[in-house]
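Visitor: I should like a close look at one helix of this model. Please describe how the helix is built and what surrounds it.

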Amino acid sequence: MGDLEIRAAIADDVPAIVAMLADDPLGAQRESPDDLAPYLAALERLSADPNQRVVVAVRQGRVVGTLQLTIIPGLSRRGATRSIIEGVRIHADERGSGLGTQLIEWAIQASRDQGCQLAQLTSDRTRTDAHRFYERLGFTASHTGFKLQL
């Protein structure tokens, strides 16, 4: 990975993570970079859970990417463990550089290392560029997802 480091996110990374989460039309509606308290509380909860990993990609001391990896033991698929890759974001300056591929490949390998038989993710249906990206990496659009706002 050359000069790229992928490591666990820490509280000091939260402003950069939230900025990336908010840096698109969908994120701009959902995220609030002006109030980091809920994000810091969430990172604390996530960091305490052994089945959660929030990581950042750092290049030359700068956070340039992030994702959350969740490991889920299950009964289906003959007791298979699966992972969910969530919250994937690449800094606008790094898009198209191959960083997204490196980050997803890291998540796939980390999933294998945890004994997962399946890695899955969701992507908003309007993110057609992201869909092509994930398909190029071997993911298939095999399901229809549903959400219920609580």
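Guide: The account below follows one helix, H5, and then turns to a residue in contact with it and to a separate short helix.

The model is predicted. Within it, helix H5 spans residues 99-113 and contains 15 residues. The distance from its first C-alpha to its last is 21 Å, close to the 21 Å expected at 1.5 Å a residue. After H5 comes Gly-115, whose phi is positive, near 85°.

The buried residues of H5 are Leu-99, Gly-100, Thr-101, Leu-103, Ile-104, Trp-106, Ala-107, Ile-108, Ala-110 and Ser-111. As a general point, an α-helix has 3.6 residues a turn, so residues three or four places apart point the same way. The buried residues of H5 pack against four strands, namely E1 (4-8), E2 (52-59), E3 (62-73) and E4 (81-90), and against helix H6 (128-136).

The packing of H5 with H6 can be described in detail. The two helices pack at an angle of about 55°, and their axes lie 11 Å apart. H5 and H6 are therefore oblique to each other, and their crossing is right-handed. On the H5 side the contact is made by Gly-100, Thr-101 and Ile-104, and on the H6 side by Phe-133, Tyr-134 and Arg-136. Sorted by class, this contact of H5 with H6 comprises three nonpolar residues, two polar residues and one charged residue.

On the strand side, Gly-65 offers a point of reference. Gly-65 lies in strand E3, one of the strands against which the buried residues of H5 pack. Gly-65 is buried, because its relative accessible area is 0%, where the cut-off for burial is under 20%. Leaving aside residues up to four places away in sequence, Gly-65 touches Leu-99 and Leu-103, together with Met-20, Val-55, Val-56, Ala-57, Arg-89 and Ile-90. Both Leu-99 and Leu-103 are among the buried residues of H5. A separation of 10.0 Å is found between the C-alpha atoms of Gly-65 and Gly-87, which stand 22 residues apart along the chain.

Helix H4 provides a further local detail. H4 covers residues 76-79 and includes Arg-77, and Arg-78 also lies in H4. Phi of Arg-77 is near 55°, a positive value in a residue other than glycine; phi of Arg-78, likewise positive in a residue other than glycine, is near 60°. Arg-77 is exposed, with a relative accessible area of 55%, and Arg-78 is exposed as well, with a value of 86%.

Key
Residues are numbered from 1 along each chain as its sequence is written. This is a predicted model: local features need pLDDT of at least 70, side-chain atom pairs count only at pLDDT 80 or more; totals for chains, interfaces and linings use all residues. Side-chain values use heavy atoms; hydrogens and water are left out. The expected span of a helix is 1.5 Å times one less than its number of residues. Buried means under 20% relative accessible area, exposed over 50%, partly exposed in between (1.4 Å probe, protein chains only). Contact means heavy atoms within 4.5 Å. Axes are lines fitted to C-alpha atoms, for helices over the stretch in contact, and angles run from 0 to 180 degrees between N-to-C directions. Angles under 35 degrees count as roughly parallel, over 145 as roughly antiparallel, 65 to 115 as roughly perpendicular and the rest as oblique. A crossing is left-handed if the near helix is turned anticlockwise from the far one by less than a right angle, and right-handed if clockwise. Ala, Val, Leu, Ile, Met, Phe, Trp, Tyr, Cys and Pro count as nonpolar, Asp, Glu, Lys and Arg as charged, and the others, Gly among them, as polar.
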